[in-house]
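Trainee: Could you please take me closely through one sheet of this protein, strand by strand, together with whatever packs on it?

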Amino acid sequence: MLLRILVLYWSLSSGKVAESTVTPLRYNLTILTHLGGGGAQNRYEGIVSIDFEAKKTTRYIYLNCRDLNMFAEKTWLLRWASGKRISATDIKKNAKKPNEVTVVINLPLRLGETYTMHIFYTGNLNRPQKYGYFAGHYDQTPQIFYALTRLEPDYAPTAFPCFNSPLHRTPFNVTMVHHQKFVALSSMPAIRETPHDEINDYVWTTFMTSPPLATHQIMWALHRLDKVSNSVTATGEKVTIWARWQVKEKFAKAAELTTNLLKNYETLFGLALPNGPDWGGKFDQVVLPGYTELYSGKGMMVYGEEEVGSSQNTLESLEVTLAELVARQWNGLLVSASDWDASYVRDGINNYLAFQVLARDNKGEYNRTFLLTTRLDVLNYDSQTETKALAVDVREIRHNKFRKHKMCLLAHMVKLAIGDKAFFEGLHEFFQRYSGSSASTNQLWEQLQRAARRSHQLPMGVVLTTMMGSWLKQPGYPLLTVLRNNRDNKVTITQSRYYQKKMNIVSKDCWWVPVVYITKNISLAQVEWLGCVNKKAEVLTLNNVVDSNEWLLLNVDAAVPVRVLYDLYNWRLISEALLQDFSQISELSRAQLVDDALNLAWSGQLPYKVVLSVIKYLSKETSIAVWQTAVTNLEKLQSIMRMSTGYRIFKLFMRILIEPSFKANFKPSSGKARTDTASKTTTSPDTQSKPSTGPDTPSLSGIMYRLACQFEVKECLTDAQKQFQKAMDQNSTSSIPEELRETVLCRGIRTGLEYHWLMVRDMFFEAVKEKEKGVLLNSLSCTTEYWAMQKLLGWALDFDKVPKTLTVSLLTAVLRTPLGFYVGNQFLVDKMDDFVRRFTSNDLKSVLSPFINAVTTRDELDALQFLIKKKLKSTTSSSLAAMLEPGSDRLHWRKYNYFDLLNAIKNITVDKDSEISSLWNLA
């Protein structure tokens with residue numbers, strides 16, 4: 001109880017919640033929406049009637065309202081006890097609290113009495129940021145409009161005046177007045193629709209009274225989508241999917257999948273959702289083109305068409321999206337966050353739970369792939385000097401994505417640290433205890449801790465709230481340094497903050513870290529804790545855990561978002577073990593070893609001679625996940641090496657690394673392609689024979705084929721040319737397996753004739769599916785013709801030719817080539833004003849990232865910095881430094897680590913059959 005009082009006090013003092021002079025009891029919302037055109041035509045008028053109990057005698061009522069028009073003459077109260085009307089004399093804005101207004105009334109409220117406040121207000125639907133109640137549209141001719149709410153985390157006051165607190169739940173009565181061509185939806189089912197007596201072609205849609213909800217949980221929408229599928233859950237709830245008819249097949253299974261997910265989550269949590277007659281009994285899903293948010297509330301879910309892939313794995317991609325949305329029905333609706341700024345914790349946990357529930361249906365491989373790709377993204381972003389802590393609430397797309405994904409990794413860490421049983425028991429008890437109310441993140445950690453204590457999975461000295469605080473309240477993550485003392489049979493583990501370039505400063509940050517380890521002869525993972533007491537890092541010493549001739553492996557299966565730096569002796573033992581039999585180390589652990597080694601070398605903390613010895617075994621590796629991890633890091637090196645004199649020797653090393661695996665998986669083109677009957681796109685035979693690891697995950701043969709052609713393995717070049725010529729003869733790419741298509745077309749265009757480029761260009765304009773358009777567009781960037789490269793870059797600013805969603809991938813593909821690098825940089829200088837006009841500030845950061853990630857010299861970085869500072873005058877020094885940090889890191893690597901890599905490669909390529917021990921002697 002004390003904790004709840006403190007949370008409420010903090011919320012009220014933050015300026016986001018109006019001073020609590022009343023307790024809201026019920027909201028009655030009537031909204032008249034004018035929708036169907038641009039500008040002032042997209043607007044709405046509303047009347048909100050709020051029943052409340054007075055908590056003090058006062059003439060001042062503090063209300064949350066922002067970006068809305070309220071009028072004192074149209075605001076009044078009704079006292080229930082006497083039926084007397086009380087008028088508002090003034091409405092004052094609060095300069096210090098922009099979310100708050102003060103309604104001044106002519107007679108004071110009486111303590112403990114009930115009143116109804118009636119407020120007429122107006123608002124604008126044209127909100128580019130897409131929050132509150134906003135309008136959008138799709139299809140250019142004609143434009144089709146929709147209106148939608150997004151009230152999380154604290155946007156409710158921008159949609160209707162309210163007492164906005166995550167701690168208050170009240171029933172809602174919603175009535176929508178709208179043109180009859182629109183379908184009206186809300187959190188509850190519609191109970192009647194009646195014609196409007198005064199406005200032609202308008203109707204009243206009245207919805208059932210909702211159960212108690214917080215202000216950010218109510219939802220409503222107007223749309224003109226089609227009902228593409230429906231289903232009924234085992235407990236009778238109706239699931240309805242609303243989407244464009246053009247994507248009907250894509251979402252035909254959505255209702256059935258939702259029904260199955262609801263059942264699976266009930267099993268996972270051991271707790272069913274409320275489903276009585278007052279709960280509503282329906283789930284409407286609104287699928288919108290061009291919408292980039294995932295939003296789920298009472299009775300409704302909203303997501304974008306693009307959230308679901310367009311490949312042969314469409315069904316799995318759809319299931320992933322739905323799994324996260326359905327998880328919010330428990331962790332977000334049944335129990336909501338008592339602190340808006342901590343909503344990222346819920347989102348990250350739901351992201352993790354989505355893959356946990358899917359793993360129950362034999363999708364464990366996909367779960368592993370997801371964890372690895374998320375880890376790569378988070379550890380790379382979080383190792384920058386300008387990164388922010390998770391607890392810092394910056395309403396910026398990239399930071400929000402980072403918060404969700406890092407929190408997902410932290411949920412994985414907690415589950416592995418306390419065990420599956422305690423984790424899910426703790427969640428069950430949390431949902432059961434706080435059902436129908438809000439709870440803080442600390443209350444979640446405390447519930448998980450109680451479950452862990454019962455199962456004896458958490459030492460008494462470890463407190464989950466303290467542990468999680470060390471991860472949420474400071475940026476970055478730790479580097480664990482492992483030193484073995486074989487004479488005393490001791491292992492010493494210390495921590496320090498990891499940066500992706502070697503820093504001269506000593507960080508005092510520290511974390512509570514579960515150290516999960518195995519040895520050559522101890523395959524069952526052991527857990528010890530590396531502490532952080534009073535912001536001072538402790539030292540962990542392990543005694544007699546490993547013999548001198550055995551390897552030691554920390555952070556088994558990428559349990560924690562950390563990097564591990566071993567001493568050279570242990571690296572040598574691991575390298576020898578991988579060469580001898582890589583299967584003795586699990587797939588996730590191998591991927592982590594490869595990723596850590598390459599990143600530690602990038603930051604200058606591990607010699608490249610050691611790293612190349614560690615990854616030498618890759619020529620035998622059969623895991624898609626491990627190879628994808630390696631490729632991500634090796635292509636980062638390639639992007640710098642290709643602009644240097646050392647590129648020839650780098651290519652030679654890559655051929656030695658990939659050629660054995662390529663030849664083992666290579667099947668020469670037979671000229672026959674297999675077509676997926678659902679998507680009508682071709683797939684390789686290898687893809688058909690292997691289990692899918694997730695949406696758009698390539699097969700091992702596909703990965704090796706791309707690398708082999710990229711680094712000019714003869715057999716690959718010959719096969720690619722043969723497939724390209726056949727495709728040009730048929731004027732169709734259908735003969736090329738889908739996962740090889742971009743590689744084959746790119747190689748053919750690079751060595752082909754002008755009319756080949758024009759043929760592929762025409763295919764691009766005729767393509768309908770966005771994924772197919774992306775493949776063709778990236779292939780066109782492989783041209784060696786100046787005029788063609790100029791045309792491509794011009795298309796980046798023409799959304800009629802290149803969809804906005806493909807702009808970043810086009811620029812990335814262009815800047816990867818030597819010609820595109822120089823032409824592209826000049827194009828940016830000439831057209832920077834056009835970029836600024838056509839893209840929002842958030843989109844512009846993404847669009848500029850390919851240019852920043854292509855920087856190779858100080859002059860290039862300085863020129864880019866000058867251009868951005870000149871054209872984006874609103875950019876602060878700190879945000880500019882954060883934006884340019886990847887480019888700065890590339891220059892740092894080029895200056896300090898380039899020759900180390902080159903010398904390490906020479907030691908291998910001079911005699912590729914040299915013994916591994918010779919490399920260690922040189923290290």
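Mentor: In this predicted model, strand β22, residues 478–485, pairs with β30 in the parallel sense over four bridges. Two strands count as paired if DSSP finds at least two bridges between them, and the strands themselves are DSSP runs (E, at least two residues), numbered from the N terminus. Within this pair, valine 482 stands opposite tyrosine 566 of β30. In general, the strands of a sheet are joined through backbone hydrogen bonds, in either a parallel or an antiparallel manner.

The pair belongs to an open sheet of four strands, whose order is β28-β23-β22-β30 and whose pairing is mixed. At its edges lie β28 (540–543) and β30 (563–566), each of which pairs on one side only. From one strand to the next, the twist averages 20°.

A helix completes this picture. Helix α10 (a DSSP run, H or I, of at least four residues) spans residues 568–581 and packs on the sheet, where β22 and β30 are the strands touched. Contact here means heavy atoms within 4.5 Å. The direction of α10 makes about 105° with that of β30; axes are lines fitted to C-alpha atoms, for helices over the stretch in contact, and angles run from 0 to 180 degrees between N-to-C directions.

As to confidence, the protein has a mean pLDDT (the predictor's confidence in each residue, from 0 to 100) of 88, and 91% of its residues reach 70 or more. Residues are numbered from 1 along each chain as its sequence is written, and side-chain values use heavy atoms, without hydrogens or water. Local features need pLDDT of at least 70 and side-chain atom pairs 80 or more, whereas totals for chains, interfaces and linings use all residues.
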